Amino acid sequence: MRRASRRHRRQLHLTRGIAMTCSNRRRSLVALCLTAGVAATSSCSDILVEDPESIVAPSNFYRTREDALAAVNGVYVELGNRSTINRHFTIMTDGVSDDVTITTGADRVSLDLYRHSAQNEVLDEVWPGYYRGVNRANAAIDNVARIDMDAALRARLVNEARFLRAMYYFNLVRWFGDVPLPVTETASLSGLAVERTPEAEVYAQVEADLRAAIDTLPATYPATDAGRATRGAAQTLLAKVQLTRGDYEGARQQLEAVIGSGQYTLFPTYAAVFDIATENQVEHIFMIQHKQGTPRAAGYMTSYYPVQSTLGFATFLPTTGPTGIYDAYEAGDTRKELYIPPNVTYRDPLGRSFPTTQPYVLKYFDADASRSDQDNNFPLLRYADVLLMYAEVVNEMDGPSGAAYAAINQVRRRAGLGDLTPGLGKDAFRDAVLRERRVELAFEGHRWFDLKRTGRLIATMQAHLDQLAAGSTVQPFHQLYPIPQRELDVNPALTQNPGY
Amino acid sequence: MSSPVLTRLLCRVAVLLWPAVPAAAQSRTGFVTGIVTDSVAGRPIADVQVVLDGTQFGAVTAEDGRYRIGNVPAGQYTASARRIGFAPASRPVTVVAGRGAAADFTLVARAAVLSEVVTVGYGTQRRADVTGSVASVSGEQFDREPVPSLGQALQGRAAGVQVTQNTGQPGGALQVRIRGGTSISAGNEPLYVIDGFPVYNNNNTASTRSSNPVNALAAINPDEIASIEILKDASSTAIYGARGANGVVLITTKRGQAGRSDIDVELFYGVQQVARELPLLNATEYARYVNEAHLNAGRPAPYTEAQIATMGAGTNWQDEIFRQAPIRNVQLGFRGGDAQTRYALSGGYYEQDGVVLGSSFDRASLRLNLDREVSRRLSIGNNLTLSRITSDVQPTSGTNDLQGLVASALFFAPTLPLRDSTGAYTYDNVTWGQSGGNPVAAARGLTDERVATRILGTVFADYALRRDLRLRTSFGVDNTQGQDQYYVPSSIFLGRGSRGAAQVGNVSSLTWLSENTATYSAVLGEQTLDVLGGITLQQDRTSRVVTNAQRFPNDITGVNDLGAAEVTLPSASNATGWGLLSYLARVNYNYADRYLLTATTRVDGSSRFGADHRYGFFPSASVAWRLNNEPFLRDARWLSDLKLRTSYGLTGNQEIGLYQSLPALGTSPYVIGNTAVVGYAPVRVANPDLRWETTRQLDVGLDVGLFGEALHLTADVYDKTTSDLLLNVPIPATSGYTTALRNVGRVRNRGFELAVDGDRRFGPVSWRANANLSVNRTKVLDLGGLPSFTTGSFSGAVSLPGIVRVEEGRPLGAFYGLRADGLFQTPEEVAASAQKNAKPGQIRYRDLNGDGVINNDDRTYIGNGFPDYIVGFGSTLTAWAFELSFLLQGSFGNEILNGTSFLSTYTANAVAVPSARARERWTGPGTSNTVPRADVTAARPLFADNVLEDGSYIRAKNIAVSYRLPAERVRAFRGTRNARIFASVQNAFTITDYTGYDPEVATRSQTLTPGVDFVAYPSARIYTLGLNLGL
């Protein structure tokens, strides 16, 4: 009874409270509105703006010196990727030359035998890989230039990126001819269907980038920066571009600058060029950097290594016979020591022995590591190449002069050979330089380019493939690779190279 | 727990156990007693709530229809009786001190289904007024089943809902699809709304480990669920806008009821065993098989006859890793309240050991739901659940190759003993076949413990500004903390390379939600109008840290002393977040209970969308016509409901990943100065156009109620077309990128659903049954310029190209492979084939393109992992005090890639799986056309239709019997409402032609690669015995 009446009173009170005291009602209403209002307005404005806390975006990057360094390092990264100056580079320069036979991978073998089409897994990776490098370079060039930092370092970094962009475009234009030429970072998904730019304009951009790099890049770096692009590297690359285009005067100027800098010299032995202990030293002008135990260890170079095992893949084999590289060495050439000879019992670093039936390349081999964790750098530009280009340029301009002989003989003497026969005619000297380039720079990514720029690709390769009884016909259109079909499918503005 | 309540509980338990305790002393109050019966048969009705209006006094009728309200102060009262399914009744009663007053009631049955209130987005509606497609599952339907999470509870119970377990691991992840998957690369799980709090079930918020995931929703105790509503059409889901496209599952937890003070105790205990073991060769047979495989390849036989003679049956490794495992559940709930305050406080503990050695799951959960009418205008309340789930996971499924625990138990040679002569576990499978570790040593040695603590709570206030205008505001928080500990000791095979590997991960996810709504209701003669409007805000932030270390000097401290490791691997961390700002509105209009109209819209602003498409607009409309209320049908007494309804609308899917519209730079290393340096470079282009995927859905449905709702039928047909599908489409590589995520594709789901509910009473016997049928067909309409792509490749020991192909004009889930054509019987057959290097006894494949070579170009469509239709049938028969119920559930017309069958044909390394199928192997012309010859040099088998099997099945998901203790006897234990004992079998039996462990399987994503069984954790059969006690 007591309980019921107390309850009744309270209900009466509350009813009266609600009915009579508006303030009470307002108070709860106000409280409600406030809660809702505060919640709705306090964070409304910014709740929809994504704050990318754990991603790096242009909005929070490109601000400091460190960002500038990291952005340019990001351009170098592409160098070591499989698609760029790595396995596919070897396939598309030496694999397709008369120096190397590729044993596995249908699409790789078809390139080796000049039966490739526009649908090829190697081309499908190379084309995007190089343009990824270009876009990375473009991004660094555009954005680093705007960072408020030490101006000298900024200029150097921008020009390292320009050097790399030039290198990417130089390979693209040599392989594919006219190619699209984006020089700014891709910032949106519209307007991506770009047309091919004539070869000459691509070369002009390459030369402009390299000249800017020559003007800005330092001659040397402290050891902690070893591997970055130097002035000498830019000069050597520019010389190679000019030689490719027949601009001997320009090339001679750059080569003389490199030689005259006194900065480079040949290693006393050929083996030292490929020795892990002497990387980034006197003869090396630009190397693709690899380091054991890092994600950037080299793996593909062990494609050359004998047996398929934990140490190697045995899928890139040196050619033999009348057109083969293994039989192109003169007697006494110490450069031939960097092979495992045929018909011997080879003992591998794990102590296993096996008989060899054919030669194997031993230039790139890190005996301390597994096949995918190799330490070897790849020597993309080196002083022997400079000397041989110089001999070639001088011969083209002045005939086989003393300067031309001096340059080629430096390389020959280091290989344990005598001087080149004196008194050769201009054509014979040209042949001698090309032969020297083949054995000196074997498996370093020069051969296909050299054959192409000297107009010898079709005849040389036809002879080689005939020797292999491959049944292939090398035709003029083979001097350019096809634009990958995948790319033509998504970019209607592109046209295919003839013959494909 | 407050002490009076505890005291009362203990007293009642004591009273129940010792009925000799004398009755409590009389006081100066009276009491009310009576019996409630139904108006037709005069049968007593149980569970009727009888209250004295305006007081807190009330009681609930027992099985015999009787009730007693004690300690009532003398006076005049109005007693009311209410029960779902009956029209309420009331009558005056006068209570005199010290005496009893009688108040009997006769209740008139009314259409239960129609008057039932269903939860819809941001509100509730009478079932009769619903114009959309909404299926309901009540908590009672799975109350006594051993289901670890609510996903399992849905299986087979509602039309249009497909639930697939990835694994039989207790608490393991499962996939729920409502009317099929709408998306190819974005999420396909429905939106779960738990007491108003929207949750997308992302298992990554509960654990940093992605392999063998644990279901984050297992943190929600199914015993606390009062009802589940499944919103399927656009009309009902559009109120959830950019999250509605895959359907919405609304979960309402149990709340207190006025006039009751219930205490419910639920207990069950059970044992589990593997539902099916695979037949394997015994040691003797295996050794002979291995010998034959070597001799056939021209190699010496590894086992001598003398060795084989001593082998006997050897070890069945399945028996070594499978076990009988216990399952336990204890649940204690206090629910009740008076006219102004209602409470529901419950706690539970669920513990399930897995049938695979070393796996287990447990959950401790606590819930408090309060409601209080502060004044006639203002009411406040809350929902709060705290739970903690702990899973011990075994690496059993989802692995591409043969490293999984169950797989290794299958391929481990039966000739090897569990322990070697020194008493240590046999280390690895060194004889023949797949190399791998001892599965028992792995199960006992490996630690993979994942703990997730979840707090999900909301507080709300509801204020009546006017009689017809209510404002509601709520604020909620969902916080999950996941802690993962993973340790592989150096002593087991898996740890031999790392010499002890530890991983510790932490993930913390916090989502807050603010919702503010206003509802207006008006009645104008025969018309009623309800209007809802609101603003909601939701924001999430999730951060993760994972550390790894290797090479421990010993296994003593394991994961608890990472400092002891010799090698500390790089740590990883990240933080992500998203926000959603939404405006919603809904109008419900009802004219004369005949014409119903619902219009809904939501505007969702999402941080995931690109700057140019930040706000999405999702409108829908539906109309319904209740023909049975038309004058021309009003006399049709047999027809209680006839409703024709249709809806059309747009919903979105915002599960497109985070930050996808923003440009981003990624890191990769290069070497400078002979040291690895980090480079940053662009990896994604800004795409301000990026937006949600849009689903347009048309639904036409019919509801029919017959014979006073004794039979109710719901049928729906729908057509869902999802456009703006996110796909990674190729772009010109000269941009620096080969693909970009764009809104380009279209997929269609069309289907038909039928649900029938029946309810019949014959005196003391009653029968309730429900059946449902769902048919769904998918079709890819547009892939944004991609003609097709294959997906679902396998790496590792089992190396397969993409097994499923997605192609324009084709359904999703289509297996793409070779056609097998029996076995080569003779060398002549080999010579005439495209497989010149094959040997007689090996599988012959069809050279479909006739080019004389068998390769990927000979693949074709060979099956589909999605079923043609799925069915569910539930039945409950009650007779006197007994109740027998069962649930059948099935799937028809789907194919399954039987991985074990594939592996048993994989004889390259002698024998990958010593399946008993090998007994029927080819040994000469005509001996077999299905099981290849044994040959250690055989080529690896290719993916072909010979490893697909019909995955159709029908399964007795649950069979239960229960016995309700006689009411008189129960009532004798003062105040005990009811007591029931029950026994059930989960997964009682399965009728199927499928030869793997379980046809209900998906070791891969259900979106694109359904029906893949690569040696998953097998499901268990569970026998339980339980007790429900209501005090």
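Is B:Asp724 buried or exposed, and at what relative accessibility? Select B:Asp724 and find out: at 19% relative accessibility this residue counts as buried, since buried means under 20%. Bear in mind throughout that you are looking at a predicted model.

**Stop 1: two positive phi angles**

While B:Asp724 is still selected, check its backbone. Phi is near 55° there, a positive value in a residue other than glycine. The residue belongs to strand E34 of chain B, which covers residues 711-730.

Now jump to A:Tyr62, another residue that is not a glycine but has a positive phi, about 55°. Here the setting is a loop, the one between helix H3 (44-47) and helix H4 (65-80) of chain A. A:Tyr62 counts as buried too, at 11% relative accessibility.

**Stop 2: chain A as a whole**

Zoom out and colour chain A by secondary structure. You should be able to pick out 17 helices and 8 strands. Chain A has 500 residues, and 57% of them count as buried. Take the contacts in this chain with a separation of 6 or more: 68% of them come from residues 24 or more positions apart.

**Stop 3: helices H7, H8 and H9**

Show residues 151-176 and 199-216 of chain A, which are helices H8 and H9. Their axes come within 8 Å and cross at roughly 150°, so H8(A) runs roughly antiparallel to H9(A). The crossing of this pair is left-handed. For the side chains in the contact, turn on A:Phe163, A:Ala166 and A:Phe170 among those of H8(A), and A:Val202, A:Val206 and A:Leu210 among those of H9(A).

Keep H8(A) and add helix H7 of chain A, residues 121-144. The axes of H7(A) and H8(A) come within 9 Å and cross at roughly 155°, so these two are roughly antiparallel to each other. Their crossing is left-handed as well. On the H7(A) side, residues to display include A:Trp127, A:Tyr130 and A:Ile141; the H8(A) residues they help to meet include A:Leu157, A:Tyr168 and A:Trp175.

One residue to label here is A:Tyr169: it is part of the H8(A) contact with H9(A) and also of the H8(A) contact with H7(A). A:Arg162 and A:Arg165 likewise appear in the contact with H9(A) and in the one with H7(A).

**Stop 4: helices H10 and H12**

Next, select residues 231-245 of chain A, helix H10, together with H12(A). This pair packs at an angle of about 35°, with the axes 11 Å apart. The crossing is left-handed. From H10(A), A:Thr236, A:Lys240 and A:Leu243 meet A:Asp385, A:Val386, A:Met389, A:Glu392 and A:Val393 in H12(A).

**Stop 5: aromatic pairs**

How many aromatic pairs does a search of the whole structure find? The count is 46 over all chains. One of them involves H12(A): A:Tyr264 and A:Tyr383 are stacked, 6.4 Å centre to centre with 25° between the planes. A:Tyr264 sits in the loop between helix H11 (248-260) and strand E2 (284-288), and A:Tyr383 in helix H12 (residues 383-398), so the pair ties together parts of chain A that are 119 residues apart in sequence. A:Tyr264 is buried at a relative accessible area of 9%, and A:Tyr383 is buried at 5%.

Then bring up A:Tyr326 and A:Tyr339. Their ring centres are 5.0 Å apart and the planes stand at 80°, so this pair is edge-to-face. A:Tyr326 is in the loop between strand E3 (316-318) and strand E4 (339-340), while A:Tyr339 is in strand E4, so the parts being tied together are 13 residues apart in sequence. A:Tyr326 is buried with a relative accessible area of 11%, and A:Tyr339 is buried with 5%.

Stay on A:Tyr326 and show A:Lys336, which lies over the face of the ring, 4.2 Å from its centre. For a chain B example, go to B:Tyr350: B:Arg363 lies over its face, 5.2 Å from the ring centre.

**Stop 6: a buried glycine in chain B**

Finish at B:Gly813, in the loop between strand E38 (804-807) and strand E39 (814-817) of chain B. B:Gly813 is buried, with a relative accessible area of 1%. Draw a C-alpha to C-alpha distance to B:Thr1007: the two are 7.5 Å apart in space and 194 residues apart in sequence. Leaving aside residues up to four places away in sequence, B:Gly813 touches B:Val804, B:Gly863, B:Asn864, B:Gly865, B:Phe866, B:Leu1008 and B:Pro1010.

Key: Residues numbered from 1 in each chain as written. Chains lettered and ligands numbered in written order. Predicted model: local features only at pLDDT ≥ 70, side-chain atom pairs only at ≥ 80, totals over all residues. Heavy atoms only, no water. Phe/Tyr/Trp six-rings, centres within 6.5 Å; stacked < 30°, edge-to-face > 60°. Helix = DSSP H or I, 4+ residues; strand = E, 2+ residues; numbered from the N terminus. Buried < 20%, exposed > 50% of the residue type's maximum accessible area, 1.4 Å probe, protein only. Lys NZ or Arg CZ within 6 Å of the ring centre and 35° of its normal. Axes fitted to C-alpha atoms, helices over the stretch in contact; angles between N-to-C directions. Parallel < 35°, antiparallel > 145°, perpendicular 65-115°, else oblique. Left-handed = near helix turned anticlockwise from the far one by under 90°. Contact = heavy atoms within 4.5 Å.
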